[in-house]
Amino acid sequence: MSAADPVLKKTKAEMDKAVEHAFKEIAAMHTGKASPAMVENVMVEAYGSASRLRDIAAITTPDARTIAVTPWDKGLLKAVEKAIQTANIGINPSVMGDKVRCPLPELSRERRQEMVKITHGVGENGRVGIRAARRDGMEALKKLQKDGQITEDDLKRMEKDIQKFHDAAVDQIAKQLAVKEKELMTI
């Protein structure tokens, strides 16, 4: 085991974290088709603290244009409705019996194009995180080489490994963006 192995592992983990975060953000984007991911991370004031919606309720999609949220504690219906309204995700919820129904509005062409831009911004933020992890990894490797813990050849080989991690992570985000853009632009 080389002195640089922990650096490579940490760099890969940081890049994976950036990709995972970008995927979650992209999945939450409103495409006109109902998805539980659109509301599952909405924070709800419950029992004196903020909780994720997915932790206090069942989230279903009874049809392609509706999200239904059924809190396990019926006393939280109004809190859930308020949290979804204030989350600023373009959904206007309403309480119906023991559920909060969230009908999705039809997206106009302009709104779809705006959502594509926002999605690309989320993807760019993910790529920035990946590049930062690459930079930190490269600097750590150079420090190890300067301190004599790895050779110049090891440095070059490991820099190539980090670049491969980077390229794979950026490619994952690009593929996810392409899928989401296609989803947004098809009616």
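The following questions and answers go through helices, salt bridges and contacts in a predicted model.

Residues are numbered from 1 along each chain as its sequence is written, and side-chain values use heavy atoms, with hydrogens and water left out. Local features need pLDDT of at least 70 and side-chain atom pairs count only at pLDDT 80 or more, while totals for chains, interfaces and linings use all residues.

Student: How far does helix H4 reach from its first C-alpha to its last?
Tutor: Helices (H or I, at least four residues) and strands (E, at least two) are DSSP runs, numbered from the N terminus. H4 covers residues 109-146, which is 38 residues. The expected span is 1.5 Å times one less than the number of residues, and for H4 this is 56 Å. The reach in the model is close to that, at 55 Å.

Student: Which residue just after H4 takes a positive phi?
Tutor: The phi in question is about 80°. The residue that takes this angle just after H4 is Gly-148.

Student: Is Thr-119 buried or exposed?
Tutor: Thr-119 lies in helix H4. Buried means under 20% relative accessible area, exposed over 50%, and partly exposed in between (1.4 Å probe, protein chains only). Thr-119 has a relative accessible area of 2%, so this residue is buried.

Student: Which residues does Thr-119 touch, not counting residues up to four places away in sequence?
Tutor: Contact means heavy atoms within 4.5 Å. The C-alpha atoms of Thr-119 and Gln-176 are 57 residues apart along the chain and separated by 10.0 Å. With residues up to four places away left out, Thr-119 touches Ile-26, Met-29, Leu-177, Lys-180 and Leu-184.

Student: Which backbone oxygen does the side chain of Thr-119 reach?
Tutor: A polar contact is a pair of N or O atoms within 3.5 Å; within protein, one must be able to donate a hydrogen and the other to accept it, and residues adjacent in sequence count only if both atoms are side-chain atoms. The Thr-119 side chain makes its contact at 2.7 Å, and the backbone oxygen belongs to Met-115.

Student: What do the buried residues of H5 pack against?
Tutor: H5 has 34 residues and reaches 49 Å between its end C-alpha atoms, close to the 50 Å expected at 1.5 Å a residue. Its buried residues include Leu-155, Ile-162, Ile-173, Leu-177 and Leu-184. They pack against helix H1 (5-27) and H4.

Student: How many salt bridges does the structure hold?
Tutor: A salt bridge is a side-chain nitrogen of Lys or Arg within 4 Å of a carboxyl oxygen of Asp or Glu. One of them joins Glu-124 and Arg-131, with the closest N and O atoms 2.7 Å apart. The count for the structure is 13.

Student: How far apart are the closest N and O atoms of Lys-156 and Glu-159?
Tutor: Both residues lie in helix H5 (residues 152-185), three residues apart, about one turn of the helix. Lys-156 is partly exposed at 44%, whereas Glu-159 is buried at 14%. The closest N and O atoms of this salt bridge are separated by 4.0 Å.

Student: Asp-171 forms a salt bridge with which residue?
Tutor: The closest N and O atoms of this pair are 3.3 Å apart. Asp-171 is partly exposed, with 38% relative accessibility, and its partner counts as exposed at 54%. Both lie in helix H5, four residues apart, and the partner is Lys-175.

Student: Which residues do salt bridges that share partners join into one network?
Tutor: The network consists of Glu-124, Arg-127 and Arg-131.

Student: How far does Lys-12 lie from the ring centre of Phe-165?
Tutor: A charge sits over a ring if NZ of Lys or CZ of Arg is within 6 Å of the ring centre and within 35 degrees of the ring normal. Lys-12 lies over the face of Phe-165, and the distance to the ring centre is 5.7 Å.

Student: Which residues does Glu-81 touch, not counting residues up to four places away in sequence?
Tutor: Glu-81 belongs to helix H3 (residues 77-86). At 13% relative accessibility, this residue counts as buried. Beyond its neighbours up to four places away, Glu-81 touches Pro-93, Ser-94, Val-95 and Val-100.
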